[in-house]
Amino acid sequence: MADPILSISGLVAGYGGVDVLRGLDMQVSPGEIVAVLGSNGVGKTTLNKTLSGVLRPRAGVIRFDGADIQAASPAAIVEAGLIHVPEGRKIFPDMSVLENLELGSYRRAKARRARNLERVFATFPRLLERTNQHAGTLSGGEQQMLAIGRGLMGEPRLLILDEPSLGLSPLLVEEMFGLVKTLNAEGLAILLVEQNVMQSLDLAHRAYVLENGAFVLSGTGAELAANPDLEKTYLGM
Amino acid sequence: MFAPDIILAAVLNGLMTGAVYALTAVGLTLVYGVLHIINFAHGAILTAAMFAAFFAWKIGIDPYVAVFALAPIFFALGYALQRFVIGPSSHGEDRNILLVTLGLSIVIENLLLAAFRSDTRSIDVPYGFSVIDLGFTFLSVPRVVAFAASCAAAAILWLILAKTDTGKAIRAVAKEKLGASLVGIDVAHVYAVTFGLGAACLAVAACLLLPTFYVHPRVGNAYVLVAFTIVVLGGMGSVPGALLGGLFIGVVESLSGLFLGESLGQIGIFLIFILVLLVRPTGLFGARA
Ligand SMILES: Nc1ncnc2c1ncn2[C@@H]1O[C@H](COP(=O)(O)OP(=O)(O)OP(=O)(O)O)[C@@H](O)[C@H]1O
Ligand SMILES: [Mg+2]
């Protein structure tokens, strides 16, 4: 197998006096979709924040594309091509759709902004119809498209998607999973955090299940889907 | 009643003062909008800028020339102040920032007092008393220059905020810090740039005020009180609101000076201020709460 694009070892992170993540090891290879599953509040978003540098890990090593990034700034991590589309979208509400997308290339791929805008609009025609609309007035689904489009503007080498289907109608959820598949088919490595467990396992090459600050299960999507422990973990039995 | 000519003249004069007021308010509102703090050092920075312009004149540089050096110098000073003093010493706590800026203002003011005593100084420029004859009234040349230059400075600021990536980053950080970090915007840098822009506006205002005004170690306070009023009137954090609010306050001051007598001009400002707070607490110009 090729060298992983992302590898984490012994990662510890948390808030205040509490460690939420207590020693995680994981890898993502180029071109892979890796899903991280786990019930509410186990620390999936905490993991993503740590990877993107907005939360400092307390211990452990994060290697991205051959360089240690556990002490790097969020800006340097974006510059390296690790781009995080956060839970809750975090778009710029009083700025236009176009400005939101432009800022996606604030740190990286600025020279190819025009070309990448065209690409994003080709992927999300709905955004093209709304270039001058304030992002805060978009529907939830459109906001999610904008958040992903903004992430793509930086030409990610690894894209973290934190609950991209949260709050979307079933039809749009389908569309979202289709999109993840398409992006990946073009060669993009994706770290996917999702609540739609079976759909995610179906899509992901591999998956990790987070519980009590540690990965308790991992394997290929098919293996995990067939694993009776998965249900146990989720239902907490 | 006054003749329409006199009222028109008062309005014109009010607009000219108001433009400089707007410039002193715009930095305050920008810093509030982005960092969500009130910069209590604003007045002291204005005072420092007026002293800088005063000493530039002492060594033979006209304020209208000095402005081209002082604006970038004060941008750099403001940047450094936020990046290396206010930011690090506040540890991300808003109320600490408040105290740090308050402390800074006391330090700056007292340094100036120690160095220059509380003497009032003014400069004597050749165009100080030049006027333009409009037929029905005379306009003071330095005030017309101040009006034009304030408008130009506001336009430049608007262009920066609307059109440049740095300006967009400032607006992004104002509303969504996490989202901004995740596209690679360095939030500490943006805070410092914002602070620097506010200080640069004050340097411009200082150079425009000096030909017709005096300077002493507390002079900034008078302006800052008006600037606070404008910021609240315009809607906290709204740059266009501060510009309109500045012009509005200038006209109110001028008209109430006309109707109530010169020495009561500022009372009009505070009456309007209280009235607005009672009727429209989010500000006159439609800013969101
Ligand atoms: N800023 C913070 N300060 C303190 N505690 C936090 C903070 N953010 C998250 N936590 C806590 O850390 C734990 C993990 O939160 P996190 O958001 O990572 O969970 P999650 O797995 O993403 O959950 P969900 O599926 O609901 O999004 C939770 O107990 C949460 O309350
Ligand atoms: Mg989460």
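**Entry 1: a yardstick**

I count a residue as buried under 20% relative accessible area, as exposed over 50%, and as partly exposed in between. A:Glu87 comes out at 29% relative accessibility, so I log A:Glu87 as partly exposed. I also note that this is a predicted model.

**Entry 2: the magnesium ion**

Which protein residues are donors to the magnesium ion (ligand 2)? I find A:Thr45, through OG1, and A:Glu87, through OE. They lie 1.9 to 2.6 Å from the ion. Next I look up where the two sit in the chain. A:Thr45 is in helix 1 of chain A, residues 44–51. A:Glu87 is in the loop between strand 6 (82–85) and helix 3 (97–104) of chain A. The pair therefore ties together parts that are 42 residues apart in sequence.

**Entry 3: around ligand 1**

I list the residues around ligand 1. Among them are A:Tyr15, A:Val20, A:Asn40, A:Glu163 and A:Gln195. Both magnesium donors, A:Thr45 and A:Glu87, are on this list too. By class, I write down 3 nonpolar, 6 polar and 3 charged residues for the shell. Which element gives the largest share of the shell around ligand 1? Helix 1 of chain A does, with 3 residues.

Now I check contacts to oxygen atoms of ligand 1. From A:Gly41, a polar backbone atom is 2.8 Å from an oxygen of the ligand. A:Lys44 uses its side chain: a polar atom there lies 2.6 Å from a ligand oxygen. A:Thr46 also brings a polar side-chain atom, 2.5 Å from an oxygen of ligand 1. How much of ligand 1 does the protein cover? On its own, ligand 1 has 630 Å² of accessible area, and the protein covers 59% of that.

**Entry 4: salt bridges between chains**

I turn to salt bridges. The count is 16 over all chains. I pick some that run from chain B to chain A.

B:Lys175 pairs with A:Asp94. Their closest N and O atoms are 2.9 Å apart. This pair crosses between chains: B:Lys175 is in helix 6 of chain B (residues 165–175), and A:Asp94 is in the loop between strand 6 and helix 3 of chain A. That is the loop where I placed A:Glu87. Are these two partners buried or partly exposed? B:Lys175 is partly exposed, at 45% relative accessibility. A:Asp94 is partly exposed as well, at 21%.

B:Asp165 meets A:Lys110 in a salt bridge, 3.2 Å from N to O. Again the pair crosses between chains. B:Asp165 belongs to helix 6 of chain B, and A:Lys110 to the loop between helix 3 and helix 4 (113–123) of chain A. B:Asp165 has 14% relative accessibility, so I mark B:Asp165 as buried. A:Lys110 is partly exposed, with a relative accessible area of 41%.

B:Asp165 also forms a salt bridge with A:Arg113, with the closest N and O atoms 2.6 Å apart. B:Asp165 sits in helix 6 of chain B and A:Arg113 in helix 4 of chain A, so this pair joins two chains. A:Arg113 is buried at a relative accessible area of 15%.

**Entry 5: a network in chain A**

Last, I look for salt bridges that share partners. One network joins A:Arg126, A:Glu129, A:Arg130 and A:Glu142.

Technical notes:
Residues are numbered from 1 along each chain as its sequence is written. Chains are lettered from A and ligands numbered from 1 in the order in which they are written. This is a predicted model: local features need pLDDT of at least 70, side-chain atom pairs count only at pLDDT 80 or more; totals for chains, interfaces and linings use all residues. Side-chain values use heavy atoms; hydrogens and water are left out. Donors are N, O and S atoms within 2.8 Å of the metal (3.2 Å for Na, K and Ca); water is not among the atoms, so sites may look incomplete. Helices (H or I, at least four residues) and strands (E, at least two) are DSSP runs, numbered from the N terminus. Buried means under 20% relative accessible area, exposed over 50%, partly exposed in between (1.4 Å probe, protein chains only). A residue is near a molecule or strand if one of its heavy atoms lies within 4 Å of it. A polar contact is a pair of N or O atoms within 3.5 Å; within protein, one must be able to donate a hydrogen and the other to accept it, and residues adjacent in sequence count only if both atoms are side-chain atoms. Accessible areas come from the Shrake-Rupley method with a 1.4 Å probe; for residues, only the protein chains shown count as cover. Ala, Val, Leu, Ile, Met, Phe, Trp, Tyr, Cys and Pro count as nonpolar, Asp, Glu, Lys and Arg as charged, and the others, Gly among them, as polar. A salt bridge is a side-chain nitrogen of Lys or Arg within 4 Å of a carboxyl oxygen of Asp or Glu.
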